[in-house]
Every structure is written in structure tokens, then in C-alpha cells.
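User: Walk me through the labels on this model. I want each one set against its cut-off.

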Amino acid sequence: MIEQEEYFTMMGSYVMSGGLLALLSLLPILAVAFFLVILRWPASRAMPICYLVVVALALGIWQVPHLKVMAASISGLIKALELIFIIFGAILLLNTLRQSTAIQTIRKGFSDITPDRRVQVIIIAWLFGSFIEGTAGFGTPAAVAVPLMVGLGFPAMAAVMAGMVIQCTPVSFGALGTPVLVGVNVGLSGNPEVAAYSQSLGLDWLDYLALVAQKISILHAISGILIPLILIAMMTRFFGKNKSYREGLQLWKFALFAALAMIVPYVLVAHLLGPEFPSLFGGMIGLAIVVTAAKRGFLIPNAEEAWDFPNKEEWDETWLGTIAQQEEPVASQPMSLFKAWLPYLLIALFLILTRLPQLPFLGLLRGADATFIISNILGTDIGNKIQPLYSPGALFILVSVITFFMHKMSVGAYTKAWQQSSKTILAAGAALVFTVPMVQVFLNSGGGAAGFERMPILLAEGVAGLTGAAWPIFAPFIGGLGAF
């Protein structure tokens, strides 16, 4: 018995070394990379194992109480259901537009501008995605733009890649500036050094936040100049018949033009109006400029030189998603382009109306009567706040119902849209119900009997201790892991 105690004491002192703790904290992320990237397992198979890895670390090394691990898992399951609600709404809207034949009209509208997929992805992902990011944030651009690209004939993997790549410039001003007005505000407002610095500049706190927004806009604009070009180069390299970066780089003039059309108003708005509207106005103004220019053939190739994906028969099976191969009904009569796009315009309008604090809708959708608070799950300090009517998923479903009447759909066609969406969400949900609880256990791993900090904090501290004065170079990568 004494030998066992000595053994565990020795092991405890060994484990307590910062480097090993940081490495153990990295283990869940390495497990995700190993199973998903190296072994290329489906998420529905890989994420349950990764969840068990985190639970084992939390219970065995961090010695987090069982009830807290269970509470974090329950909290993650609730958050997963919130995400599933958003995804379901987005896919339902896509399938509604498919069954109403609106997608055919939208596809033809893009073909009339240009059949070139490089131009289309810049318009949809970069510009329309930035606009939606500015209105709603929190992953909504992917939920709106990615299904739209799939509906237009993009491989599902290419659509997802495009939706993710562009989320570097507009994100800090998503949801009407929430990352700055809430994230930066809450994160820095209690720091005496930051307060003293803002006072030394002669700025009150709101003016200091505005200054932060200006600096962010410049940094993100510098990187944003190349984002559309990087996007199309990656698309032609990984999803083109010739696997060539060059085919994407050939459109460099249009890509730079589209980048500037967004980031110039983006920076100006950040300096003139503050952090609420840079991404919203940048995306909206950029859309107006680029679509008008593309219609006139400005800097884009003619139809004979347009770039497209290979024939669907040649697509790698890893490019495909469960919503990629559904049959579409044939339109009995042509639909106007405006009518076809109107559901997406309504989404944008409703997102703006429900996110502006000056309007009453925000208070109604996030008020006490529309908020469900789950406190102290299993007697722990972990809780959840659910606002289903404020969720973009509710808006997607609302617009889907409006589209049913607006496009004069048959009950059979609309029922089919719901059936297709339900089947799709079951596959996505199988992965999310383990992925999000895994993240919640990872984030709530502090307070255990071992006395260790939470895994993400130890991971950051381990890298900081290893890199020393070079820490600022590595800090963005830790932030990237957090986002991942």
C-alpha cells in the first residue's frame, strides 16, 4: 500500500510538469487530427473516440469530479442541439428552394453573369458570405452560403472549404460588431493596464473600443487583399480537373478587384461608423460593385474560357455530401430572378432587423419570456441559456414557410423538402452530439482534485513557456486551435 502511494506521488509530480500537461492538453486535438485527417474516418465514427479521450484525461489526470464531466457533456449536448437546429433550418431552406425550382433560376442567373465557377465562388462566399457575417455572425455565413453553393452544383467539400476560407476578414465585425462590442469589451474592460493605456491616449472606453476596431479593420484588410485569390487557387488545385493552382491565379485581376471592392468600404466604415457595420456594409457594397462589373464582363474570361469542375462522374467520393445528389423538379413555368432570390433577401433583412439594438425585435427574441435558462446542471456551476427564437435556425424555418406560400408550392413538394432535410440532419447530428460535448469537457476541465488549470489554458501556457519572448508569434496559432 505504501509503495502504491509513493508511486502515485511520484507520478503526480511528474505529470504536474508544465510541458507534459501542455502535451496532454494537446492530446484531444491530436486525436481529432489523427482520426479525421490521417485515417480519414467519418466524424460520426471518430468523434465518439475523441470524446472518450477528453473524458479519460479529465477524470484520470485532471481528476475532475464525475458530476462535472457529466454536466459539461450535457451542456455540450444542448449546444449541439442548438447547432443542429441552425443546420436543419439552413438545409430546409435550400431544399425548399430546390422543390420550388428557385435554385434552377438562381443557377441560371449566375450562368447569365458567367459560368466561371471562380467568379461565382468569389461573389457567393467572399461577398455574400461577408455580408451575412456582418448581419448575423456565429457561423451563419456557412449555413447560408455553403448550401447555396451546393445547390448551384459545387461539390460539397469545395463549398465548405470556400465558406471557411473567407471567414478571416469579416469575422471580427460579425453580428453587428459583437466580437468587439462584447468579446473585446468584456475581455479587457477589467484590466487596469488597458484602462490606464486608454486614458493615456485621452480616450474613454467606447472611444478606445472604436480605436481597436479601426486597428482590426486595417490588419484584416491587409490579409483580405489576397483571400479571394487564395480561395480560387485552392479551389482549382483541389477540385479542378488539372489540379492546378495556376488556373486560379489566372484570375488574379478580378480577385484583387473583388477584394478591394469589399475591404475599402470595410475599412472606411470601421473608421467612420464604428465596429457594428464594417462587414455588413463591406459585403453589401462589394456585392453591388462586383456583380455589376461581372455582368459587363469586367476582368472575367468569356464563356469559352470559363473554368468549371469536372463532370460529376469524375468527382472523388470525398467531395460529396449527403445533400449533393438530390433530384430537382422541373419548373412548369419560369420564375423571375428576384422572386427566386427573395428568400435569401428576406433572411438578410430579418437578420438585420432582429440584431439591431435600436429596434424592439432584439429585446423580444432575447427577453425573459423567450429565454430558457438551465442553471447548475447536476449541481455544478455549469449552465446553459437557450434562445430558440433568436437562433438563425428559427429564421430559416420561418422563411421556408413564407417561401411555401410565396412560390405557390404544392404540399407534396414542401413535404418532400422536410423529409430530405430530416434525413440529412440525422447524419450531421451523429457527429455533433459527440463533438460539442467533447469541447465542453475540454473547456470545463478546471477545478479538479489535481489542482490543474483548464486544458486550453495549460496548452497556451505551455507554448508561452516554450517560446518565451517569441510568444506573440505563436499566440495566433493557439487562437486558431481554439477556433478549430
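Analyst: A salt bridge here needs a side-chain nitrogen of Lys or Arg within 4 Å of a carboxyl oxygen of Asp or Glu. Keep in mind that this is a predicted model.

User: What makes Arg-118 and Asp-116 a salt bridge?

Analyst: Their side chains meet at 2.6 Å, N to O. The limit is 4 Å, so the pair qualifies. Both Arg-118 and Asp-116 are buried.

User: How many salt bridges does a search of the whole structure find?

Analyst: Three. Another one joins Asp-308 to Arg-117, with the closest N and O atoms 2.9 Å apart.

User: Which parts does the pair of Asp-308 and Arg-117 tie together?

Analyst: Asp-308 sits in the loop between helix 15 (278-295) and helix 16 (337-355), while Arg-117 belongs to helix 6 (residues 117-135). The pair therefore links parts that are 191 residues apart in sequence.

User: Why does Arg-117 count as buried?

Analyst: Its relative accessibility is 12%. Buried means under 20%, so the label holds.

User: And why is Asp-308 called partly exposed?

Analyst: Asp-308 has a relative accessible area of 41%. That value falls between the 20% and 50% cut-offs, so "partly exposed" is the right term.

User: How do you know that Asp-112 and Lys-108 meet in a salt bridge?

Analyst: The N to O distance is 3.1 Å. The cut-off is 4 Å, so this pair passes. Both residues lie in helix 5 (residues 102-113), four residues apart, about one turn of the helix.

User: Are Asp-112 and Lys-108 buried or exposed?

Analyst: Exposed. Asp-112 has a relative accessible area of 54%, and Lys-108 is at 52%. Exposed means over 50%, so each one earns the label.

User: On to the helices. Why are helix 4 and helix 19 called roughly antiparallel?

Analyst: The axes of helix 4 (residues 66-99) and helix 19 (residues 411-443) cross at roughly 155° and come within 7 Å. Angles over 145 degrees count as roughly antiparallel, so the term applies. By class, their contact has 20 nonpolar, twelve polar and two charged residues. The crossing is right-handed.

User: What makes helix 7 roughly antiparallel to helix 16?

Analyst: The axes of helix 7 (residues 140-151) and helix 16 cross at roughly 175° and come within 13 Å. The angle is over 145 degrees, so the pair is roughly antiparallel.

User: Which residues make the contact of helix 7 and helix 16?

Analyst: Helix 7 supplies Thr-140, Val-144 and Leu-148. Helix 16 supplies Trp-341, Tyr-344, Ile-347 and Leu-351. By class, this contact has six nonpolar, one polar and no charged residues.

Technical notes. Residues numbered from 1 in each chain as written. Predicted model: local features only at pLDDT ≥ 70, side-chain atom pairs only at ≥ 80, totals over all residues. Heavy atoms only, no water. Helix = DSSP H or I, 4+ residues; strand = E, 2+ residues; numbered from the N terminus. Buried < 20%, exposed > 50% of the residue type's maximum accessible area, 1.4 Å probe, protein only. Axes fitted to C-alpha atoms, helices over the stretch in contact; angles between N-to-C directions. Left-handed = near helix turned anticlockwise from the far one by under 90°. Nonpolar A, V, L, I, M, F, W, Y, C, P; charged D, E, K, R; others polar. Contact = heavy atoms within 4.5 Å.
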